[in-house]
Amino acid sequence: MRASKLVSTLALSALLITGCGFKGQNAIMTINDKPITQARYDKLIDQAIVQSPFGKMGDLKGNKDGFLYLMTEQRVVNQLIIEELLNQEADARGITVSNADVDSALQKIMEQMGGKDQLAQILRQNGVSAGDFKKDVRRQVKMQKLANAAGNIEVTDKECETFYKNNPEKFNYPEQVRASHILIAANPYQIQEELKEKSKKELSKEDIIAQVEAKIAEKEALANKIAENLKVDSSKFAQLAKKYSEDPGSAKQGGDLGFFPEKQMVPEFAKAAFEAKPETIVGPVKTQFGYHIIIVKDRKEAGVTTFEQAKSDIKDFLTTERQIKALDDLTQAAKKKADIKYMDERYNPDEIQKKLHFQMDGFTGGQASKVRNESKK
């Protein structure tokens with residue numbers, strides 16, 4: 001539901017990428033004599049495919065010269081290079097991260113996500129383990145310290161005021177509704193992983209598909225039953241939410257999600273909630289997370305956030321923006337002097353780019369090359 005908040009909370013880590021720390025035997029490249037292993041790449045490309053909308057379009061790994069796979073591969077390889085260059089820069093500066101630093105960052109993220117249970121739910125829905133997430137947070141903190149050491153990051157109150165005055169459209173908030181929901185989780189990937197964990201024998205692809213489909217059908221039937229009962233007596237909504245909802249953050253509150261704008265939720269959920277009549281049961285509504293039974297409790301008209309209300313968020317935004325710029329400058333400088341060797345040219349970003357250009361020329365009948373050549377003049 002609120003996975004987009006996770007992205008904004010960890011905006012800085014877009015430069016870092018998950019999947020570090022695997023001890024593979026084969027290096028696909030070295031960066032200043034430090035190996036980047038095949039296992040590290042494989043872990044990261046798998047995560048990128050699972051978390052990408054492209055991953056739902058078929059077996060991307062079945063055609064490693066296909067456009068979608070190459071796009072994903074290019075991003076992963078570049079991120080591995082950036083991550084390693086910045087790690088080496090941080091180590092050279094003697095930057096370290098304590099457990100207390102990590103705990104403090106995790107606490108802040110949990111508060112922004114609505115609590116520990118809500119964060120855990122979002123991680124599960126996105127196929128990220130708690131252990132991997134904690135490693136990502138540690139790397140994020142390390143990069144924040146590196147950025148702070150590399151440049152002038154401090155943001156003044158005057159700069160916040162200027163940003164507020166120059167960007168009035170950013171502080172207009174749209175109409176919001178207050179709704180409660182009961183989520184019957186039915187994420188195919190999550191169900192598949194749970195089946196694999198519980199199975200005492202290795203399951204075939206056909207067995208997994210059949211069991212996932214059966215489980216989803218079971219979940220849908222339960223959602224339909226709950227919805228039918230509530231359409232007869234909606235006064236039991238909070239009680240049933242606490243009993244059945246698999247959104248731990250809101251279940252404890254009887255399903256209450258508080259006020260939210262339309263764009264904060266996934267499209268199917270948002271459309272149903274904003275079209276619903278007050279105190280009317282809607283659903284089940286199917287989204288990528290499963291089946292939702294919804295009831296709208298209140299509405300709030302559009303308005304404007306005051307500077308005092310927005311000041312803290314503005315300062316965080318401008319600070320993160322400067323940290324990213326500092327890390328980008330460090331990366332560009334490090335690339336110029338780095339000794340990068342590719343054991344397999346497949347992982348050379350320039351070679352991947354050539355393949356992508358070839359693919360684009362095929363799609364456009366050669367027009368893509370003409371555009372690229374014109375832009376170089």
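Guide: Two strands are said to pair if DSSP finds at least two bridges between them. Helices (H or I, at least four residues) and strands (E, at least two) are DSSP runs, numbered from the N terminus. This is a predicted model, in which local features need pLDDT of at least 70 and side-chain atom pairs count only at pLDDT 80 or more, while totals for chains, interfaces and linings use all residues. Residues are numbered from 1 along each chain as its sequence is written, and side-chain values use heavy atoms, with hydrogens and water left out.

Visitor: How many helices and strands does the secondary structure of the protein chain come to?
Guide: The protein chain has 377 residues, of which 42% count as buried; buried means under 20% relative accessible area, exposed over 50%, and partly exposed in between (1.4 Å probe, protein chains only). Its secondary structure comes to 15 helices and nine strands.

Visitor: Among contacts between residues at least 6 apart in sequence, what percentage join residues at least 24 apart?
Guide: A contact means heavy atoms within 4.5 Å. Of the contacts in the protein chain that link residues at least 6 apart in sequence, the share joining residues at least 24 apart is 76%.

Visitor: In what order do the three strands of the open sheet stand?
Guide: The pairing in this sheet is antiparallel, and strand E1 (residues 27-31) meets E2 over four bridges. In general, strands of a sheet pair through backbone hydrogen bonds, either parallel or antiparallel. The order of the three strands is E2-E1-E9.

Visitor: Which are the edge strands of that sheet?
Guide: An edge strand here pairs on one side only. The two that do so are strand E2 (34-37) and strand E9 (340-342).

Visitor: Which residue in E2 is the bridge partner of isoleucine 31?
Guide: E1 and E2 pair in the antiparallel sense. The partner of isoleucine 31 in E2 is lysine 34.

Visitor: At about what angle to E1 does helix H3 run?
Guide: Helix H3 (residues 67-92) lies across E1, E2 and E9. Axes are lines fitted to C-alpha atoms, for helices over the stretch in contact, and angles run from 0 to 180 degrees between N-to-C directions. On that basis, H3 runs to E1 at about 40°.

Visitor: Which element gives the most residues to the largest nonpolar core?
Guide: A nonpolar core is a set of buried Ala, Val, Leu, Ile, Met, Phe, Trp, Tyr and Cys residues joined through side-chain atoms within 4.5 Å. The largest has 23 residues, and Met29, Tyr41, Val76, Val77 and Ile81 touch the most other members. Two or more residues come from each of E1, helix H2 (38-51), H3 and helix H14 (349-364). With seven residues, the element that gives the most is H3.

Visitor: How far apart are the end C-alpha atoms of helix H4?
Guide: Helix H4 (residues 99-113) has 15 residues, and its expected span is 1.5 Å times one less than that number. The expected span is therefore 21 Å, which agrees with the separation of its end C-alpha atoms, 21 Å.

Visitor: Which exposed residues does the face of H4 turned away from its buried side carry?
Guide: In H4, Val102, Ala105, Leu106, Ile109, Met110 and Met113 are buried. They lie on the same side of H4 because they cover an arc of only 140° around the axis, the arc being that of the directions from the helix axis to the C-beta atoms. The face turned away from this buried side carries Ala100 and Glu111.

Visitor: Does lysine 219 count as buried or exposed?
Guide: Lysine 219 is found in helix H9 (residues 205-232). Leaving out residues up to four places away in sequence, lysine 219 touches Ile184, Ala185, Ala186, Glu246 and Tyr291. Its relative accessibility is 15%, so lysine 219 counts as buried.

Visitor: Which strands do the buried residues of helix H12 pack against?
Guide: In helix H12 (residues 267-275), Phe269, Ala270, Ala272, Ala273 and Phe274 are buried. They pack against strand E4 (176-185), strand E5 (256-261), strand E6 (281-287) and strand E7 (290-300).

Visitor: Which residue in E5 does glutamine 176 stand opposite?
Guide: E4 is mostly covered, with nine of its 10 residues buried. E4 and E5 pair in the antiparallel sense over four bridges. In E5, the residue opposite glutamine 176 is proline 261.
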